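Thank you all for coming; I would like to go through one structure with you this morning, taking the cysteines, the charged pairs, the surface and the backbone in turn. Please have a look at it before I start.

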Amino acid sequence: MNRMPEARLPVSQGVLDAGQRASLDAAPSAKTRRATGARIFLSLVLVSAAMPVTVAQGVPIVNSIRILDILLLFAALTLVLDLAYRPLELGYRQVFWILALLVLVSLVSVVWSQDRTATVRALTISLEGLVGYLFVVRELDGLSPRRVVAYFERFLYLLLIPAVFLLLRVPGFEPAVDPDVSRTSGEYLRYFTRLSHPILGSSNNLAAVLVLLVPVLVYWGHVRKDRRISIAGLVGAIAIILTLSRGTLLAFVVAAAVYAMVTAGSRGRRLALGRKIVLIAAIGGVALASVYAFNPATRELLATRLSLRNFELRLQLLTDAWSKIESHPVLGYGAGVAPQGDLALGEEVHNAFLQQVLYYGIPLGFAACVLLCALVGFFIAKRRKTAIAGVAAFTLMVELVSFLFQSSFEGTIHRVLFYMLVGALVALVRSSEVERGAGKVAAS
């Protein structure tokens with residue numbers, strides 16, 4: 001898609017005072033307005049990603065087609081057409097190749113897959129995710145960091161609107177479950193016990209997406225004193241608490257401890273941000289108490305989650321997975337395959353790293369896990385150039401720690417969203433580097 005670049009102030013004009021900046025923000029140039037219009041397609045993709053409605057079912061290989069799939073197919077076409085006059089915008093090449101190698105692992109597993117149809121389906125999802133990454137990087141290229149963060153804010157609200165409508169039982173936002181599932185069954189009612197999404201799935205799936213948005217919003221609102229973004233960060237954090245996703249909440253604690261050990265920064269800034277996080281947690285606790293008081297289903301859920309039954313079921317899944325790995329330790333069973341027909345282990349091991357080993361065997365599975373962790377390492381290395389890279393590293397660290405307790409990464413939609421939001425993080429860090437570089441030049 002041919003886009004006009006965002007208008008930039010020539011460095012020769014020097015540093016603008018606050019009034020001049022406000023004037024430019026209030027009255028964008030014609031080029032900036034055209035650039036905004038050119039991103040209408042990005043907005044459509046974000047809307048379809050937040051509510052990925054199915055338009056066709058029973059489709060060979062892929063099973064179903066969503067509006068998001070159609071839009072990303074069109075995005076892939078525009079990426080190909082772009083090659084006629086410019087190379088692909090890869091963002092950071094290292095990040096692109098990490099994601100591409102994850103796709104390559106899925107492709108290679110077709111050779112030995114026990115279910116080639118399932119593996120081709122998984123490969124198709126990974127390729128769609130890679131297209132999503134390239135598309136987001138291209139569409140956000142040239143925007144200021146403030147405008148990139150605005151897209152994080154918009155997508156957060158787009159996700160939460162259907163989640164709240166589901167909780168309020170608004171018609172049209174019922175859980176997208178199999179028609180044969182009873183409306184009085186636990187599988188159906190669990191959507192109303194905690195904040196969930198009608199299409200993305202129950203609470204863990206929603207939390208896994210929110211994780212990739214909230215740290216950026218909280219940090220940006222705090223550092224830039226942006227009240228609107230701070231409110232979005234607060235709303236997103238409360239939403240994560242209301243999902244009651246124990247794995248996600250624990251992931252924040254573990255990731256914060258690990259991140260503090262492997263990085264060094266301004267103690268004063270960390271303490272100030274830490275106090276704000278404690279305040280957010282307190283407000284989230286009040287929100288949770290309110291839901292507990294007014295929603296009987298939530299009270300029943302919390303009572304059952306205090307038992308060891310769920311832990312025992314998770315432990316049994318891990319034990320079964322290891323037994324399957326012992327049967328095929330070198331090559332595994334193939335991407336997306338339910339090993340030896342055991343549907344319970346197809347996407348529900350509740351440990352994304354172990355799932356990679358189950359799919360690809362120990363050598364390639366371990367390599368896939370290392371590639372995922374390399375994403376965090378890349379942004380940690382970048383943080384000395386721009387602080388927002390450290391936020392991106394922490395965001396991905398929380399997501400990867402949560403993968404120890406759930407398999408959202410294997411979800412049909414979530415993997416695509418993961419790739420797309422990694423692209424958004426890349427765009428934000430690159431934009432911040434450009435802004436920082438321009439500031440240095442202007443100051444000199």
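Cys-369 has a relative accessibility of 11%, and therefore counts as buried, while Cys-373, with a relative accessible area of 41%, is partly exposed. I should say at once that what you see is a predicted model. Why is the sulfur of Cys-369 not bonded to the sulfur in Cys-373? The sulfur of Cys-373 is the closest cysteine sulfur to that of Cys-369, but the separation is 7.0 Å, which is too far for a bond, given that a disulfide needs the two sulfur atoms within 2.5 Å. Seen from the other side, the closest cysteine sulfur to Cys-373 is the one in Cys-369, again at 7.0 Å and again too far. The structure as a whole holds zero disulfides.

Let me turn to the charged side chains. How many salt bridges does the structure hold? There are eight salt bridges, and I will take three of them, beginning with Arg-86 and Asp-82, whose side chains meet with a distance of 3.2 Å from N to O. In that pair Arg-86 is partly exposed, at a relative accessible area of 30%, whereas Asp-82 has a relative accessibility of 4% and so counts as buried.

The next pair is Arg-430 with Asp-141, where the closest N and O atoms are 4.0 Å apart. This salt bridge links distant parts of the chain, since Arg-430 belongs to helix H18, residues 414–443, and Asp-141 to the loop between helix H6 (116–140) and H7, with their positions 289 residues apart in the numbering. Both partners are partly exposed, Arg-430 with a relative accessible area of 22% and Asp-141 with 34%.

Helix H18 comes up again in the third pair, in which the side chains of Arg-224 and Glu-435 form a salt bridge at 3.1 Å from N to O. Arg-224 sits in the loop between helix H10 (214–223) and H11, and Glu-435 in helix H18, so this pair ties together parts that are 211 residues apart in sequence. Arg-224 counts as partly exposed at 41% relative accessibility, and Glu-435 counts as partly exposed at 37%. Returning to Asp-82 and Arg-86, these two are joined with Arg-138 and Glu-139 into one network by salt bridges that share partners.

Now to the surface, where Leu-250, Val-253, Val-254, Val-258, Met-261 and Val-262 make a nonpolar patch of about 530 Å². Val-253, which has its place in helix H12, counts as exposed because its relative accessibility is 57%.

Finally, the backbone, where I would draw your attention to two residues. Arg-169 is not a glycine, and yet its phi is positive, at about 60°; this residue is found in the loop between helix H7 (145–167) and helix H8 (186–189). Leu-244, likewise a residue other than glycine, has a positive phi near 55°, and is found in the loop between helix H11 (227–242) and helix H12 (246–262). Are these residues buried or exposed? Arg-169, at 53% relative accessibility, counts as exposed, with the cut-off for that term being over 50%, whereas Leu-244, at 8%, counts as buried.

Terms used
Residues numbered from 1 in each chain as written. Predicted model: local features only at pLDDT ≥ 70, side-chain atom pairs only at ≥ 80, totals over all residues. Heavy atoms only, no water. Helix = DSSP H or I, 4+ residues; strand = E, 2+ residues; numbered from the N terminus. Buried < 20%, exposed > 50% of the residue type's maximum accessible area, 1.4 Å probe, protein only. Patch = residues over 30% accessible without salt bridge, like charges linked within 9 Å, V, L, I, M, F, W, Y side chains within 5 Å. Areas by Shrake-Rupley, 256 points an atom, 1.4 Å probe, with all protein chains shown as cover.
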